[in-house]
Amino acid sequence: MINHHISDEMLMSYAAGALSEGASLFVASHIHMCKRCAQRVFTAEAVGGALIDELDGVPMSSGSFDDLMLRIENEPSSDAAMERIESTPDLSHIPEPLQLLLGKDYSELSWKSVAPGIKQFILPVGGNRGEKTRLLKLSPGFVTPTHSHRGYELTMVMQGSYSDESGRYKVGDVQEADGEIDHQPIADTDEDCICLIYTDAPLEFKGVINRILQPFIGI
Amino acid sequence: MPYQQREIVASPSGGTSVPPNRLSQLLATMSATQDRGSFRELYDYFAPRLKQFYMRSGTDEAMAEEMVQETFVLVWRKSHLYDPSRSAASTWIFTIARNHRIDRLRREKRFVQKEEHFFEAELVDDGSQDRDVDQPKMSLIINEALAELPPNQAELVRLSFYEEVTHAEIASRLQLPLGTVKSRLRLAFGRLRKKLAEFET
Ligand SMILES: [Zn+2]
């Protein structure tokens with residue numbers, strides 16, 4: 001049961017195709033786990049259809065339909081986009097968009113240690129200035145340094161769970177945060193907590209130890 | 001409240017006018033039989049609209065036209081994935097065009113995803129029954145709901161869909177605080193969803 005969802009404005013912008021690749025990967029992964037949000041995206045896509053309908057249109061060049069049919073008859077249909085992508089049954093606990101990107105289980109990734117109790121894996125997705133999409137792995141009971149957000153952050157639990165001042169987050173739950181939030185998540189079971197995190201600006205850590213860690217953590 | 005099939009007014013410059021259920025029938029027929037006549041009717045309706053859609057993303061006319069052709073190659077080849085009980089033709093074609101726009105116009109690549117999933121309302125199988133959606137009715141309600149949105153909310157919805165701009169880009173373009181952009185989009189979607197509640201399970 002997912003209790004914390006993605007905001008409506010993010011779901012609508014996802015349906016509009018107006019999110020960056022990282023944020024889009026995040027939303028796509030969530031809607032593979034969450035029927036409520038998948039339904040809302042579907043509704044927003046119907047809005048997209050209505051917005052196509054309401055356009056007046058700009059005329060196409062004459063003969064363009066015949067050109068199209070020639071192209072369909074002559075172009076080989078085996079382009080990469082048409083190939084069926086197979087997901088791997090062993091990885092069915094990973095939502096499909098993330099699974100197809102990783103191609104292996106969380107345990108097989110080359111995690112980089114960033115601080116005691118925290119490992120990260122930067123995902124190979126594009127992004128603009130300061131945007132990053134990563135997996136973060138918190139050891140059980142480990143307290144993440146308090147940090148605040150200058151920008152916007154989306155976090156979703158992929159394995160285990162964590163708690164912070166605002167509540168408890170379990171698999172599929174999403175925490176959306178902006179500059180006003182100051183938090184200190186703790187992995188609160190005896191299992192590693194793995195989160196998918198999208199940030200559009202670097203995080204800011206607080207306190208002396210954190211200031212020492214910061215350049216080295218790079219997050 | 002009864003919804004009557006409204007006569008759609010012919011547009012002056014390009015796209016023909018066809019009622020939404022007719023479009024969905026055409027796409028379903030084409031999907032079943034590869035019927036060229038149905039494909040032609042769909043093309044006459046959607047191609048000029050998609051051309052305008054791509055031009056609003058900032059492409060020049062030649063590029064927009066090329067992208068329309070590419071889109072219709074995809075529509076032809078993917079038509080077997082279309083299920084008229086699940087989505088209107090315009091919704092289905094919108095998702096193909098949206099993805100194609102990302103593939104062609106962005107530096108960054110779209111992450112790998114099974115295309116067929118874009119056409120499913122329910123990615124999560126929770127054992128509940130799929131429901132047929134009354135597409136013509138849904139289309140009319142969406143049109144009405146869009147027309148009733150406050151202009152400052154409708155503007156942001158159209159910017160998002162037509163120009164694929166992020167919240168931050170909208171904020172800087174319209175000189176609005178980011179929080180205002182988000183709350184207007186949230187309010188707009190809330191109003192749209194309220195009208196469409198009967199179509200969500
Ligand atoms: Zn959700």
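Student: In this predicted model, how many contacts beyond four places in sequence does the model have for residues 125-129 of chain B, and where does pLDDT stand there?

Tutor: Over residues 125-129 of chain B the pLDDT stays under 50, and the model has 2 contacts beyond four places in sequence for them. Set against a scale of confidence that runs from 0 to 100, residues 1-13 of chain B also have a pLDDT below 50, although that stretch has 24 contacts beyond near neighbours in sequence.

Student: What are the values for chain B and chain A as wholes?

Tutor: Chain B has a mean pLDDT of 82, with 79% of its residues at 70 or more, while chain A averages 85, with 81% of the residues scoring at least 70. Among the elements of chain A, helix H1 (residues 8-16) has the highest mean pLDDT, 97, and helix H6 (residues 208-217) the lowest, 46. Residues 207-219 of chain A have a pLDDT below 50, with 20 contacts in the model beyond near neighbours in sequence. For the model, the scores are ipTM 0.86 and pTM 0.87.

Student: Which atoms are the protein donors of the zinc ion, and how do you know that they qualify?

Tutor: They are ND1 of A:His5, NE2 of A:His30, SG of A:Cys34 and SG of A:Cys37, lying 2.1 to 2.3 Å from the zinc ion, and the cut-off for a donor here is 2.8 Å, so these atoms count. Along the chain the donors follow the spacing H-x24-H-x3-C-x2-C. One pair, A:His5 in the segment before H1 and A:Cys34 in the loop between helix H2 (21-31) and H3 of chain A, links distant parts of the chain, 29 residues apart.

Student: Why is the arrangement around the zinc ion called tetrahedral?

Tutor: The 4 donor atoms subtend angles of 94 to 131 degrees; four donors count as tetrahedral if all angles lie between 85 and 135 degrees, and the arrangement is therefore tetrahedral.

Student: What makes H3(A) roughly perpendicular to H4(B)?

Tutor: Helix H3 (residues 35-53) of chain A and helix H4 (residues 89-105) of chain B pack at about 95 degrees, with their axes 8 Å apart. Angles of 65 to 115 degrees count as roughly perpendicular, and so H3(A) is roughly perpendicular to H4(B). Residues that meet here include A:Glu45, A:Ile52 and A:Asp53 in H3(A), and B:Phe94 and B:Arg98 in H4(B). By class, this contact has 4 nonpolar, 5 polar and 3 charged residues.

Student: How do you know that H1(A) is roughly perpendicular to H8(B)?

Tutor: Their angle is about 80 degrees, with the axes 8 Å apart, and the range for that term runs from 65 to 115 degrees, which makes H1(A) roughly perpendicular to H8(B). A:Asp8, A:Glu9, A:Met12 and A:Ser13 of H1(A) make the contact with B:Lys182, B:Leu185, B:Arg186, B:Phe189 and B:Arg193 of H8(B). By class, it has 3 nonpolar, 1 polar and 5 charged residues.

Student: Why are H6(B) and H8(B) described as roughly perpendicular to each other?

Tutor: Helix H6 (residues 151-163) and helix H8 (residues 178-195) of chain B pack at about 95 degrees, with axes 9 Å apart, and with 65 to 115 degrees as the range, H6(B) and H8(B) are therefore roughly perpendicular to each other. Among the residues that meet are B:Leu156 and B:Val157 in H6(B), and B:Leu185 and B:Ala188 in H8(B). By class, the contact of H6(B) with H8(B) has 6 nonpolar, 3 polar and 2 charged residues.

Definitions and conventions. Residues are numbered from 1 along each chain as its sequence is written. Chains are lettered from A and ligands numbered from 1 in the order in which they are written. This is a predicted model: local features need pLDDT of at least 70, side-chain atom pairs count only at pLDDT 80 or more; totals for chains, interfaces and linings use all residues. Side-chain values use heavy atoms; hydrogens and water are left out. Axes are lines fitted to C-alpha atoms, for helices over the stretch in contact, and angles run from 0 to 180 degrees between N-to-C directions. Helices (H or I, at least four residues) and strands (E, at least two) are DSSP runs, numbered from the N terminus. Angles under 35 degrees count as roughly parallel, over 145 as roughly antiparallel, 65 to 115 as roughly perpendicular and the rest as oblique. Contact means heavy atoms within 4.5 Å. Ala, Val, Leu, Ile, Met, Phe, Trp, Tyr, Cys and Pro count as nonpolar, Asp, Glu, Lys and Arg as charged, and the others, Gly among them, as polar. pLDDT is the predictor's confidence in each residue, from 0 to 100. Donors are N, O and S atoms within 2.8 Å of the metal (3.2 Å for Na, K and Ca); water is not among the atoms, so sites may look incomplete. Four donors count as tetrahedral if all angles lie between 85 and 135 degrees; four count as square planar and six as octahedral if opposite donors are over 155 degrees apart and all others between 65 and 115; anything else is irregular.
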